[in-house]
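Here are some comments for your reading of the model below, set out as numbered points. Please go through them with the coordinates open.

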Amino acid sequence: MQRIFFSLLLLLLLNACSEDQKQEEGNETSPASNSISTPPKGCKACHSMVLDVAHDMDCTVCHGGSNDTSSKELAHENLILRPAHPDNMVKVCGKCHQDQVASTAHSLHFTLKTEVNRVRIAFGAKEELTSLVDVPVTDSPQTIVELADDLLRRRCLRCHPYFSGDRYPAVVRGTGCASCHLQFYKGKLVSHSFLKTPGDDQCLQCHYGNWVGYDYYGRYEHDMNDEYRTPYTTRHDYFRPFGVEFHQLSPDIHQKKGLVCVDCHGGRELMAQGDTKTRCADCHDRSRIENQLSYFNINRKNNKEDEFTLVSTGDGKEHTIPFMKHAAHQEYAEVAGCQVCHAQWSFNDLGTHLLRSDLSEYDAFSRVSVQGSFEVEQILKNNLNFDNEEMAHSMTDKLSGEAKDGLWYKGYETRRWENIIIGRDSSGRLQVMRPILDIYLSWIDEDEDVLFDSVRSNAQNNGLLPYVPHTTGKAGMFYRDRIKNFLQSEEGAVK
């Protein structure tokens, strides 16, 4: 027994010596344990990202800085944080996309000149501006036009390529070219892979609330007042990804079929300097569709002469395009626009009231604390709680970033959708109308002096403007009644 014990002990000792020898031999070829490894160099050593094939290049090509150092300070010297911003996109994006950048910079999406001039002229401006950046800065408005300018710069102009959007989860976005071509959500960049064709999520980062695009998905904003808000629950991450809850109405038939925004509104319309607009007849009128073959993703179906299909960018499916065949299209072609019969519903926000209040008093707004403006809501929520340290009573200029005293509150007289309003456009043709310029402006200063009290815009026709609801559906049984009732109301007005 003792002999077996000593034999095992000897084997263990020999094995231990062998392991020690291997360890010593390994140490002779391995780096010293107290040596310091050299930190990796380059942007991607700290910033992990996936790039698309076209932009798989050094970060410094667009962002500047240095890619040959492990020092954060040296790497970030002369860094361009937002290379796609309008202030930078000519020298950065324009290096490879010169024609696109030159055209886009003057497009309606970049200048917003139509929207800006509508509001300014409705409140008495005499001259049109060429771009939103030309809206005058006014610290203490003396006229109603100057008050409207303050409204535009601090409350309205949150959806343009110079600004990264309100702080709502589905609204934060990039600037300039990145507004459409990079994905954001929950306030952060989702991917650094550029989208050649923007998806609808990109479009809805600006086209949300009660504006065109939101209706395409059947969404209608709730009222601001607590008394008119639906008790709300959701399985999603956020109650209000777009700032205000929405009623879910009927979406557009094209959305139901799987078409996305860019299937109809492509680069020629969105990025060009001109005023090219897509019309329903471009696809649904047999005599016009062949002119669109080079623009839309349209092909002849099985090479047949009179059948066409569109391949949607959204789902990649092939959709047969129906042509106008009903006799009513011939009967009313020169009388009414398509949506007079085909719109299922429309945005009808009557009496939009906007108040600039320089008073740091909030109790009166406790029941309208949901405002569709993250800044205003944040201040109301915080300052209505007396246990919190009071936040500054100010809003930022959405072009300069400068904070200025006073908050702009918003409210409505009524918010409805079911009654389609009909009117005549400048050519006399019947169109769906929307009270876009039915706006009232007020201002109370820090001394409680009411400087402007519900001054209504001087827009004609009670602020009604032609509008194309993206709520297309079948005309239904009563499409003639819309036209007949309007014509009868006109006759009654004349009498």
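1. Strands, in the sense used here, are DSSP runs of E with at least two residues, numbered from the N terminus. On that basis Val-190 belongs to strand E2, which covers residues 188–191. Please keep in mind throughout that this is a predicted model.

2. Is Val-190 buried or exposed? With a relative accessible area of 53%, Val-190 is exposed, because exposed means over 50%. Together with Tyr-185 and Tyr-238, Val-190 forms a nonpolar patch on the surface, and the accessible area of these residues together is about 270 Å².

3. Glu-245 is placed in the loop that runs between strand E3 (219–221) and strand E4 (246–248). Its relative accessible area is 5%, so Glu-245 is buried, the limit for that class being under 20%. The side chain of Glu-245 also makes a polar contact of 3.1 Å with the side chain of Arg-240.

4. How many disulfides does the structure hold? The number is zero, and the pair Cys-261 and Cys-203 deserves a comment in this respect. The cysteine sulfur closest to that of Cys-261 is in Cys-203, at 3.9 Å, which is too far for a bond, because a disulfide requires two cysteine sulfur atoms within 2.5 Å.

5. Cys-341 is likewise in no disulfide, and the nearest cysteine sulfur, belonging to Cys-338, is 8.6 Å away. Cys-341 has a relative accessibility of 12% and therefore counts as buried.

Terms used
Residues are numbered from 1 along each chain as its sequence is written. This is a predicted model: local features need pLDDT of at least 70, side-chain atom pairs count only at pLDDT 80 or more; totals for chains, interfaces and linings use all residues. Side-chain values use heavy atoms; hydrogens and water are left out. Helices (H or I, at least four residues) and strands (E, at least two) are DSSP runs, numbered from the N terminus. Buried means under 20% relative accessible area, exposed over 50%, partly exposed in between (1.4 Å probe, protein chains only). A polar contact is a pair of N or O atoms within 3.5 Å; within protein, one must be able to donate a hydrogen and the other to accept it, and residues adjacent in sequence count only if both atoms are side-chain atoms. Patches are made of residues with over 30% relative accessible area and no salt bridge: like charges are joined within 9 Å, nonpolar side chains (Val, Leu, Ile, Met, Phe, Trp, Tyr) within 5 Å. Accessible areas come from the Shrake-Rupley method with a 1.4 Å probe; for residues, only the protein chains shown count as cover. A salt bridge is a side-chain nitrogen of Lys or Arg within 4 Å of a carboxyl oxygen of Asp or Glu.
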